[in-house]
Each structure stands twice: as structure tokens, then as C-alpha cells.
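Here is a protein model to walk through. Have the picture open while you read, and we'll go strand by strand.

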Amino acid sequence: MLNVELKKSPMRKHTPEKDQRKHPLSGRKLYIPRMSVGAARTMAAAFQSLGIDAQPSPESDEQTLTLAAKVTTGEECLPQRVVLGNFLKVITASDFLPAETAFFLPTSSGPCRFGQYAPFLKKLLREWEYEECVVFSPTSSNQYEGISENTNAFLRVGWRAVLVSDILRKLMLMIRPYEKVNGTTDRVHMESLDEVCEILSDGTCSLKMQMKLLTGQLEHIRDRFKKIDLKEPLGSRPLIGAVGEIFLRFNSFSNQQIVRRIETAGGEVWIADIAEWVWYTHWEVKRKLRERGKRFSTDMLMAGLREWVQHQDEKALLVPFRTVFQKREELKIEQVLQYSTPYLPPEKSLGEMTVNAGKTIGFYHAGCDGLVDISPFTCMNGIVTEAVYPVISRDHDDFPIRMFYFDGVPFDLDTDLEIFMELVKSYRLKRLGKRG
Ligand code: SF4
């Protein structure tokens with residue numbers, strides 16, 4: 001029994017209407033972990049297209065960590081504590097109804113603690129006799145069972161949700177450091193999210209029509225971003241690539257708002273997007289198939305087909321941004337992994353460490369002036385990558401690379417960033433001088 005005093009809300013039997021039985025989550029509010037505000041909102045919209053009352057989990061703040069600390073041992077990684085703490089805000093709220101609540105927690109196998117999030121939350125709910133509350137963890141190993149009657153269509157909407165949130169974030173980060181009036185870009189970003197979410201959440205729309213509406217809306221959004229008044233020319237600041245653990249690099253509470261702080265210190269940030277991880281998982285699936293001698297198999301064919309469909313969606317959504325993203329093109333995952341091969345070979349290192357090492361070199365070749373790795377303290381990925389960064393830097397013109405670890409305890413990040421930005425500025429002068 002956990003030694004925790006959480007205020008329990010009264011139990012209420014859930015008596016769903018007949019017509020709500022269509023989906024196992026009907027009649028429940030589904031909370032989506034708020035990794036990045038954009039992705040949580042677009043993913044919630046994707047679930048809304050199935051008629052599910054989905055929304056991002058509450059925002060992270062000090063209370064998040066306080067609640068998580070009551071049920072954790074201190075060995076959990078920061079992302080786990082933040083996700084759990086935000087869910088605990090829901091569970092401890094006076095209006096919490098277990099039978100009308102669900103938490104979305106995808107899972108994974110392997111050494112990463114991410115695979116422990118869902119079992120741990122389920123265990124807590126059992127101990128508190130909240131078994132009626134659902135932890136929704138569809139995985140590829142069970143073909144995303146229970147997600148929808150038409151799983152493929154839903155996965156397609158979910159993929160588009162990831163892509164549009166990546167696109168909007170990228171646009172925002174390219175413009176925000178140069179805005180004349182503080183807060184304008186954030187406001188446009190939020191309005192844009194509202195608009196794409198409205199399209200994604202419409203379950204009556206065919207996939208074809210949805211794409212048409214999304215691309216049309218993205219054109220308007222692009223033009224609205226372009227109209228933002230600027231105080232400096234776009235692209236005139238030192239450009240900082242950002243890699244790291246996927247949750248930490250997007251969750252601004254967990255990373256002490258590092259992106260904004262870099263902007264305040266005079267830089268612009270280009271952050272590795274969420275889609276990159278999806279491409280990596282596809283690459284990994286195919287690698288495993290080849291390893292098992294299934295190079296020519298139905299599984300391989302299906303994997304290739306899924307990738308092809310996803311590439312088509314990506315291409316279509318990026319059409320309005322051909323010119324805007326000309327100097328911000330994302331590398332193909334094969335290229336990222338080729339870059340990482342001499343340092344952390346993808347067949348041996350696996351996961352974020354190999355992707356981040358390769359992406360760092362990708363950012364160097366793309367003309368970045370420095371790189372930050374945003375990682376949780378005690379996570380193996382960051383520790384391994386940190387060991388190879390000095391060699392990567394040496395092999396690439398002393399490209400400035402700085403590791404930033406976070407464990408939920410605030411520290412003087414600005415001073416560290418100031419020193420890093422000095423390094424970045426002198427590297428930039430050298431780089432531009434070389435170009436002549
Ligand atoms: S990668 Fe590291 S920080 Fe992220 S969930 Fe896994 S163990 Fe935690």
C-alpha cells in the first residue's frame with residue numbers, strides 16, 4: 001500500500017447509454033499527455049473525430065511534481081513524473097469520476113522507462129480502488145486494438161495530427177525571435193492550432209476532404225504568420241539545433257523554457273520534430289524484419305506501404321511551405337542514421353541516442369551555429385550521447401554542442417546559456433567568414 005493521502009472523490013457507477021457503447025471510451029473524458037501543447041491538442045482533436053471527449057492533460061506546474069513525488073520513489077525519470085503528476089491533478093480533483101475518465105498512455109517494450117508509465121498508473125488506480133478508470137494503451141504489437149473500428153483511418157488522422165503540430169511549431173520558432181510585438185507569434189500559433197484542430201476533429205469528413213481542408217487552411221495560416229511585424233530580418237540570428245529526449249525537448253515546463261531562453265539570449269531554435277521519431281520506429285521495424293530474414297515478406301510489404309502513405313500525407317501538407325521551409329528541410333531518417341553510424345551505429349545503439357547523434361551532424365550540415373541536447377538527468381540516452389559529442393564536435397569544425405540535463409529542480413540556466421551563446425557567436429563568425 002502506498003503511503004499517500006490523496007483526496008478520494010465519491011465513487012459513481014457509470015451507466016452508459018446504449019448508443020455510447022460504440023467505442024470503449026465513449027462516455028469518458030480521455031486525457032492526452034501534454035508533451036508539447038500543439039501535439040497534445042491536435043492528437044486530442046484526432047480522438048474527437050471518433051466521438052471521444054478527448055483533451056490535453058492539465059498544464060504542468062509545481063503541483064505536478066509535488067503530486068508525483070507522493071507516489072514515486074525518486075528513481076523515475078522526469079518525463080514519467082510530469083506525465084503522472086498531471087494525471088494526478090485529474091485524479092485528485094473534487095469532480096473526478098473514475099468511470100467517466102480515461103488516460104491515454106501509449107507504451108513500449110525495451111529498457112526505456114516509458115514502458116513502465118502505464119503499468120505504474122494502473123497499479124496506483126487499483127490500489128486506490130479506481131479500477132473503473134481506464135488507462136488506454138494501444139500498441140502496434142496488438143494492432144492498436146480498441147482504438148477504432150477503422151484503425152487505419154484513425155492512424156492516418158493521428159499521423160496528420162503529428163505533422164500539422166510539427167509544421168505549426170516550426171513556423172512559430174522561425175518567426176517568434178524576430179517579432180516586433182511580444183506575444184504576437186504565440187497568439188497566431190494558438191489560433192492556427194484551433195483551426196487545424198477543428199478540421200481534424202470532424203469525424204464526418206473523408207480522409208481526402210480532410211487533406212484538402214488542411215492544406216487550404218495551412219495556406220491561410222502561412223500567410224497570417226508572414227504578416228507578423230518583425231524587428232529584425234528573419235534568419236539573421238545564430239541558429240541553434242535542438243535534440244534530446246523527446247518529452248523533455250517539447251515540454252517547456254520540464255526544460256525550464258529553454259527554447260524561449262535561447263531566443264531571449266539572441267538565438268533562434270530549430271528543434272528536431274516529433275515525426276522524426278515515427279520515421280525512426282518504421283526504420284527499426286524494417287531492420288528487425290531484415291534481421292529475422294523477412295526482407296521479402298508481407299510484413300515488409302505492409303511496412304513499406306504504410307511508410308509510402310505517410311510520406312504522401314507529409315508531402316501534401318508541406319506543399320504550402322515549399323519556399324518558407326527551404327532552409328529548414330528535415331533530413332530523411334536514413335540520412336540521419338548514416339550520419340550517426342561512425343559514432344553510435346543504429347544497429348547497435350538504438351533509439352534516441354543514435355537519432356540524436358545523427359541529427360546533430362545533420363544540423364551542422366544544415367548550417368546551424370550550435371546545438372543543445374535537452375535530456376532528463378539519469379536517462380541513459382543522454383548519458384551515452386554526451387560521451388560522443390566531443391568527438392562529433394571535433395570532427396565537425398568544433399561545432400558548439402552543449403548538453404543540458406533537467407531533473408525538475410530549477411537551476412540558473414540563463415548563465416549557462418549566456419556562455420554557450422558566446423561560443424556560438426564566435427563559431428558563427430568563423431563559419432560565415434569561411435563562406436566568404
Ligand atoms: S527515454 Fe529516458 S527519460 Fe525518456 S521515458 Fe525513457 S527512460 Fe524516461
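G241 stands opposite W270 in strand β6. That pair belongs to the link between β5 and β6, two strands that run parallel and are joined by four bridges. A quick word on the names: helices (H or I, at least four residues) and strands (E, at least two) are DSSP runs, numbered from the N terminus. Two strands pair if DSSP finds at least two bridges between them.

Before going on, keep in mind that this is a predicted model, where local features need pLDDT of at least 70 and side-chain atom pairs count only at pLDDT 80 or more, while totals for chains, interfaces and linings use all residues. Residues are numbered from 1 along each chain as its sequence is written, and side-chain values use heavy atoms, with hydrogens and water left out.

**The sheet with β5 to β8**

Now for the sheet around that pair. Four strands make an open sheet in the order β6-β5-β7-β8, and the pairing is parallel. At the edges sit β6 (268-271) and β8, each of which pairs on one side only. On average, neighbouring strands here are turned by 30° against each other, direction ignored; the axes behind that angle are lines fitted to C-alpha atoms (for helices over the stretch in contact), and angles run from 0 to 180 degrees between N-to-C directions.

What holds strands together in a sheet? Strands of a sheet pair through backbone hydrogen bonds, either parallel or antiparallel.

Here are the pairings of this sheet, plus one from the other sheet that we'll get to below.

| Strands | Bridges | Sense |
|---|---|---|
| β5 and β6 | four bridges | parallel |
| β5 (residues 239-244) and β7 | five bridges | parallel |
| β7 and β8 (residues 401-406) | six bridges | parallel |
| β1 (residues 29-32) and β3 (residues 101-104) | three bridges | parallel |

Take a look at β7. On one neighbour, G244 stands opposite I374 of β7. On the other, V372 faces R402 in β8 as its opposite number. To get from β7 to β8 the chain passes through helix α14 (residues 380-395), and this β-α-β crossover is right-handed. That term means that, with the strands pointing away from the viewer, the path from the first strand over the helix to the second runs clockwise.

Is β7 mostly covered or uncovered? Strand β7 (residues 370-376) is mostly covered, with seven of its seven residues buried. Buried means under 20% relative accessible area, exposed means over 50%, and partly exposed is in between (1.4 Å probe, protein chains only). In a regular strand the side chains alternate between the two faces of the sheet. In β7, G370, V372, I374 and P376 are buried on one side, and L371, D373 and S375 are buried on the other. The edge strand β6 also has both faces covered: E268 and W270 are buried on one side, V269 and I271 on the other.

**The other sheet**

A second set of four strands forms an open sheet in the order β2-β1-β3-β4, again with parallel pairing. Because β2 (53-56) and β4 (134-136) stand at the edges with a single partner strand each, one side of each is left without a neighbour in the sheet. Neighbouring strands of this sheet are turned by 25° against each other on average, direction ignored. Inside it, K29 has T101 in β3 as its bridge partner.

**Around the ligand**

Which residues surround the ligand? They are C77, P79, C112, R113, F114, Y117, E245, E352, P376, C379 and N381; a residue is near a molecule or strand if one of its heavy atoms lies within 4 Å of it. P376 is one of the buried residues of β7 as well. By class, this shell has seven nonpolar, one polar and three charged residues. For that count, Ala, Val, Leu, Ile, Met, Phe, Trp, Tyr, Cys and Pro are nonpolar, Asp, Glu, Lys and Arg are charged, and the others, Gly among them, are polar.

**A few single residues**

D202 lies in the loop between α6 (184-200) and α7 (207-226). Its relative accessibility is 31%, so D202 counts as partly exposed. The side chain of D202 makes a polar contact with the side chain of T204 (2.5 Å). A polar contact is a pair of N or O atoms within 3.5 Å; within protein, one must be able to donate a hydrogen and the other to accept it, and residues adjacent in sequence count only if both atoms are side-chain atoms.

L350 lies in the loop between α12 (333-340) and α13 (351-365), and its phi is near 60°, a positive value in a residue other than glycine.
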